[in-house]
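The exercises below ask you to read a fold from its burial, contacts and ring geometry. Work through each task with the structure open, then compare your reasoning with the solution.

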Amino acid sequence: MERYGWNRTRTYAAGALALTALVAGCGSAAPEVPSGPPATGAGSPAASRPPAPTRTDPATPAADAAVAVWTKWNLKPLPPAPAPPADKPLKLTATGAVPVFSEVPTTDKVVFVTLDDGAEKDPKFVEMLTDLKVPVSMFLTRDIVKNDYGYFKPLKALGNHIHNHTTDHPAMSTKPAEVQKSEVCDAQAALTQQYGVAPMLFRPPYGDGAHTPALNTAVQQCGPRAIVLWRESMQIHDMQYQAADKKLKPGDIILAHFRGPKDLKGETMTQMFGELLSRIQEQGFAVARLEDYIKPPA
Ligand SMILES: [Zn+2]
């Protein structure tokens with residue numbers, strides 16, 4: 001199986017990140033930040049909203065269709081992402097210690113969306129991503145997705161990559177080295193078998209242990225070539241920001257989850273994701289594909 005490497009000179013982990021990651025990480029009981037707009041009604045956005053107003057300006061049919069697909073989900077279109085950089089800011093090497101990063105060094109006005117765990121398997125979300133073509137990177141936990149690996153295949157078919165998020169979502173630093181290794185390697189094997197591609201990236205649950213030698217060694221032994229954290233964590237209506245100014249920055253990686261009404265105070269996965277896109281749109285950012293900013297090993 002092909003292995004991937006990362007340029008060791010690019011390491012973006014901050015010491016202060018560890019505590020924040022534990023607070024904001026998936027599975028934690030992070031408090032909701034109720035600063036978003038009011039929740040929209042439950043159920044299908046397409047079914048519960050009035051039709052889009054008829055345009056009167058002389059736009060092209062293609063442009064009209066592009067706007068209409070966002071209107072279907074009651075959203076404003078995001079700016080288009082720029083072309084992927086020819087010189088990838090994150091360069092892979094095949095061997096060596098894996099870097100830890102929570103952002104991509106770029107001046108492009110883009111952010112990256114990551115979706116973790118895989119608990120909620122809402123068909124409406126597949127429809128939403130099929131319509132909107134917003135790129136996401138999925139960090140899947142084997143024992144959370146194994147009851148329906150197939151759910152993620154149409155999301156992958158849209159060009160979205162699947163990465164490693166352990167077998168059963170422990171706080172890695174609480175586990176001995178051999179357990180950490182099995183958590184990474186067993187998930188790597190299962191995801192590779194199911195999806196036909198070896199995950200290139202690893203994310204530890206809660207961000208826990210990301211900077212420890214034991215986890216770094218485990219990841220190296222199992223195949224992923226970087227550990228990916230995040231700068232913002234999506235809740236239900238708004239994000240938790242690590243930056244004091246509570247603003248997105250170019251290259252930020254955003255953490256969100258496959259979550260449904262049970263974990264979102266009754267809101268749906270598509271409502272949460274729509275809120276996320278609205279927070280990004282309001283700040284004028286495009287969503288780019290994380291893997292487009294990564295160079296595989298030569
Ligand atoms: Zn998680």
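The exercises that follow concern a predicted model, and each is solved step by step.

**Exercise 1. Describe the protein chain as a whole: how many helices and strands are there, and what percentage of the residues count as buried?**

Solution. Begin with the secondary structure, where the protein chain has nine helices and 11 strands. Next, take burial: 50% of the 298 residues count as buried. The accessible surface comes to about 12,700 Å², and carbon and sulfur atoms contribute 57% of that area. Finally, consider the contacts with a separation of 6 or more, of which 80% are between residues 24 or more positions apart.

**Exercise 2. Determine which residues of helix H8 are buried and how they are arranged about the axis of the helix.**

Solution. First list the buried residues of H8, which are Leu215, Asn216, Ala218, Val219 and Cys222. Viewed down the axis of H8, these buried residues fall within an arc of 160°, and therefore they line one face of the helix. The general background is that an α-helix has 3.6 residues a turn, so residues three or four places apart point the same way. Then ask what lies over the buried residues of H8: the cover includes helix H7 (177-195) and strand E6. Just after H8, Gly223 adopts a positive phi of about 125°.

**Exercise 3. Locate Arg225, decide whether it is buried or exposed, and find what its side chain meets.**

Solution. Arg225 is found in the loop between helix H8 (213-222) and strand E6 (227-228). With a relative accessible area of 0%, a value under the 20% cut-off, Arg225 counts as buried. A polar atom of its side chain lies 2.6 Å from the backbone oxygen of Gly96. As a second link across the sequence, Arg225 and Pro99 are 126 residues apart along the chain, yet their C-alpha atoms are 7.7 Å apart in space.

**Exercise 4. Establish where Gln188 lies, why it counts as buried, and which residues it touches.**

Solution. Gln188 belongs to helix H7, and it counts as buried because its relative accessibility is 6%. Leaving aside residues up to four places away in sequence, Gln188 touches Asn164, Ala198, Pro199, Cys222, Gly223 and Pro224. Among these, Cys222 is also one of the buried residues of H8.

**Exercise 5. Classify the aromatic pair of Tyr149 and Tyr195, then that of Phe152 and Phe258, and say which parts of the chain they link.**

Solution. The structure holds seven aromatic pairs. In one of them, the ring centres of Tyr149 and Tyr195 are 6.1 Å apart and the planes stand at 75°, so the pair is edge-to-face. Since Tyr149 lies in the loop between helix H5 (142-145) and helix H6 (153-157) and Tyr195 in helix H7, the pair ties together parts that are 46 residues apart in sequence. Both Tyr149 and Tyr195 are buried.

Phe152 and Phe258 also form an edge-to-face pair, with 5.1 Å from centre to centre and 90° between the planes. This pair links distant parts of the chain, 106 residues apart, with Phe152 in the loop between H5 and H6 and Phe258 in the loop between strand E9 (253-257) and helix H9 (269-282). Phe152 and Phe258 are both buried, and they belong to one aromatic cluster together with Phe125, Tyr151 and Phe273.

**Exercise 6. Find which ring the charged end of Arg203 sits over, and what lies over the face of Phe285.**

Solution. The charged end of Arg203 sits over the ring of Phe139, 4.4 Å from its centre. Over the face of Phe285 lies Lys109, at 5.2 Å from the ring centre.

Note on methods: Residues are numbered from 1 along each chain as its sequence is written. This is a predicted model: local features need pLDDT of at least 70, side-chain atom pairs count only at pLDDT 80 or more; totals for chains, interfaces and linings use all residues. Side-chain values use heavy atoms; hydrogens and water are left out. Helices (H or I, at least four residues) and strands (E, at least two) are DSSP runs, numbered from the N terminus. Buried means under 20% relative accessible area, exposed over 50%, partly exposed in between (1.4 Å probe, protein chains only). Contact means heavy atoms within 4.5 Å. Accessible areas come from the Shrake-Rupley method with a 1.4 Å probe; for residues, only the protein chains shown count as cover. A polar contact is a pair of N or O atoms within 3.5 Å; within protein, one must be able to donate a hydrogen and the other to accept it, and residues adjacent in sequence count only if both atoms are side-chain atoms. The arc is that of the directions from the helix axis to the C-beta atoms. Rings of Phe, Tyr and Trp (its six-membered ring) pair if their centres lie within 6.5 Å; planes under 30 degrees apart count as stacked, over 60 as edge-to-face and the rest as tilted. A charge sits over a ring if NZ of Lys or CZ of Arg is within 6 Å of the ring centre and within 35 degrees of the ring normal.
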